[in-house]
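Dear colleague,

I am handing over the structure below, and I would be glad if you kept it open while you read the notes that follow it.

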Amino acid sequence: MPVPAVQAPALPAPAPGKGGRFARLPLLAGRTFIPLGLFARLPLAMLTVGALTLVTAVTGSYAVGGAAAGAVGIGSALGAPVLGVLADRLGQRGVLLVSAIANTAAIVALILAAYLISGVQDLAAGAPALAAAFVAGASCPQVGPLARVRWMALTSRTSGAGRAAGATSADLDTALSYESTADELTFVLGPALVGVLASLLAPWLPLALAAALTVVLVPAFAVHPTHHAVIRTPRRPAAGSVAGTAGERDRDAPTPRRLRTLAAVALPALAMVCMGTFFGSTQTALSSFSASFATSELAGLLYAAMGLSSAAAALSVAYWPRRLTVNARWIACAALMAGLAPLLLLPATALPMVLVLLVLGLPVGPLMVTVFAIGGLVAPAGKLGTVMTALASGIVAGTALGSSIAGQLAQNFGFSTAFLVPVCAATALFLLGTAAAVVLRQRGKNTPN
């Protein structure tokens, strides 16, 4: 049976026109939802770098440390869609509670396993830590994607003849703008926090902090009243019964319609793989770039410049004109990324590269907001959590892919060649946006924002 809607006392109706667009978000979801959603996703941003730092420190092997970080990424890419499917079927609260406990246990196991293999230099002997790292990635609670699902539910609920709580499509744009900014901030703050704690105190401390944040904040996010707004996927009706939801009718629809639905979902997912490839290859190429005149550790600070401008630009999407469709936004932002990415080939010192990265980040945040919004538009009924977590896992998989390709190119041909990978990724995003415009128009989903 569908979960009942959130009661009015838990989520008070906003007063239209007061406090600006972002001031409406706490009124739609409650005042505690935004800080919970922000800090509960921080452990995911700390996990990969934390595993790399700890395992490398205790083994003295970059190969084993890098394999541990890779195991976290692979686990997250595979586990996120599974958690999304379970959240759609069983409800977010139970899935988040179980994953929080499992992830905390896996992180503790990773810390213990890392010290058990202290001094190990080969991957086979480091298998216990690698296995724990994989489980930690696979069980990591998908707070960001599931928070987007809640925002989409909150801004689309209906009450009687009109929208509940005065929600509008502008509210959804505002919420998704905030969510992309929160992702950017946590993925800048997380690695920086790991570096500070590991270098000043102990290499195990960042992962211990991630476990503590997970076991405290994720359950609080899980039981927040907003989880009631998300309707579970209903069971498929038995043969001969009345047709069910639109998602069920899609499964029984003729093959051409099902293929169009699959294409409409696959394009945003592929776009997020390309976005992750852009991120991962840029980070790796910047490491090689900074090592050419200083140290590779400078790459984190350089990359933060793009993250900050991207986060700021993502917030601006809430104020973009409503007549600008999601299709137009995707194509315009991707075209700007593809046009600006070749500038990465020009700088030879840090300051010009910072300026390039600041400018390059401007279309990145809005494009992420747009692709997540399109994912919500094309998601079959009852599959929103599945689609959102698939998009998030696409970023993780793409980051690993981009890092691997750019690393090989940087090692063999230099950082200038490695910077061609983000150029190609941005171009692919533009081509996917063009294809998505055609598919969405055929599905009749080409709606403003």
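A salt bridge is counted here where a side-chain nitrogen of Lys or Arg comes within 4 Å of a carboxyl oxygen of Asp or Glu. Please bear in mind throughout that this is a predicted model. By that rule the count comes to 5 salt bridges.

Arginine 329 and aspartate 173 form one of them, with their closest N and O atoms 3.2 Å apart. Because arginine 329 belongs to helix H13 (residues 326-340) and aspartate 173 to helix H8, this pair ties together parts of the chain that are 156 residues apart in sequence. Both arginine 329 and aspartate 173 are buried.

Helix H8 also supplies aspartate 171, whose side chain meets that of arginine 24 in a salt bridge at 2.6 Å, taken from N to O. This pair links distant parts of the chain, since aspartate 171 sits in helix H8 (residues 169-200) and arginine 24 in helix H1 (residues 24-29), 147 residues apart. Aspartate 171 has a relative accessible area of 3% and is therefore buried, and arginine 24, with a relative accessible area of 10%, is buried as well.

A further salt bridge joins the side chains of aspartate 183 and arginine 41, at 2.8 Å from N to O. Here aspartate 183 lies in helix H8 and arginine 41 in the loop between helix H2 (33-40) and helix H3 (42-59), so the two hold together parts that are 142 residues apart in sequence. Aspartate 183 counts as buried at 13% relative accessibility, and arginine 41 counts as buried at 5%. These two residues also belong to a network of salt bridges that links Arg41, Arg148, Glu179 and Asp183.

Turning to how two of the helices are arranged, the axes of helix H7 (residues 143-154) and helix H16 (residues 384-413) come within 8 Å and cross at roughly 140 degrees. H7 and H16 are therefore oblique to each other, and H7 passes H16 in a right-handed crossing.

On the surface, Leu351, Leu355, Leu358, Val359 and Leu362 make a nonpolar patch of about 450 Å². One of these residues, leucine 362, is found in the loop between helix H14 (350-360) and helix H15 (364-378). Why does leucine 362 count as partly exposed? Its relative accessible area is 43%, and partly exposed covers what lies between the limit for buried, under 20%, and the limit for exposed, over 50%.

With best wishes

Methods: Residues are numbered from 1 along each chain as its sequence is written. This is a predicted model: local features need pLDDT of at least 70, side-chain atom pairs count only at pLDDT 80 or more; totals for chains, interfaces and linings use all residues. Side-chain values use heavy atoms; hydrogens and water are left out. Patches are made of residues with over 30% relative accessible area and no salt bridge: like charges are joined within 9 Å, nonpolar side chains (Val, Leu, Ile, Met, Phe, Trp, Tyr) within 5 Å. Accessible areas come from the Shrake-Rupley method with a 1.4 Å probe; for residues, only the protein chains shown count as cover. Helices (H or I, at least four residues) and strands (E, at least two) are DSSP runs, numbered from the N terminus. Buried means under 20% relative accessible area, exposed over 50%, partly exposed in between (1.4 Å probe, protein chains only). Axes are lines fitted to C-alpha atoms, for helices over the stretch in contact, and angles run from 0 to 180 degrees between N-to-C directions. Angles under 35 degrees count as roughly parallel, over 145 as roughly antiparallel, 65 to 115 as roughly perpendicular and the rest as oblique. A crossing is left-handed if the near helix is turned anticlockwise from the far one by less than a right angle, and right-handed if clockwise.
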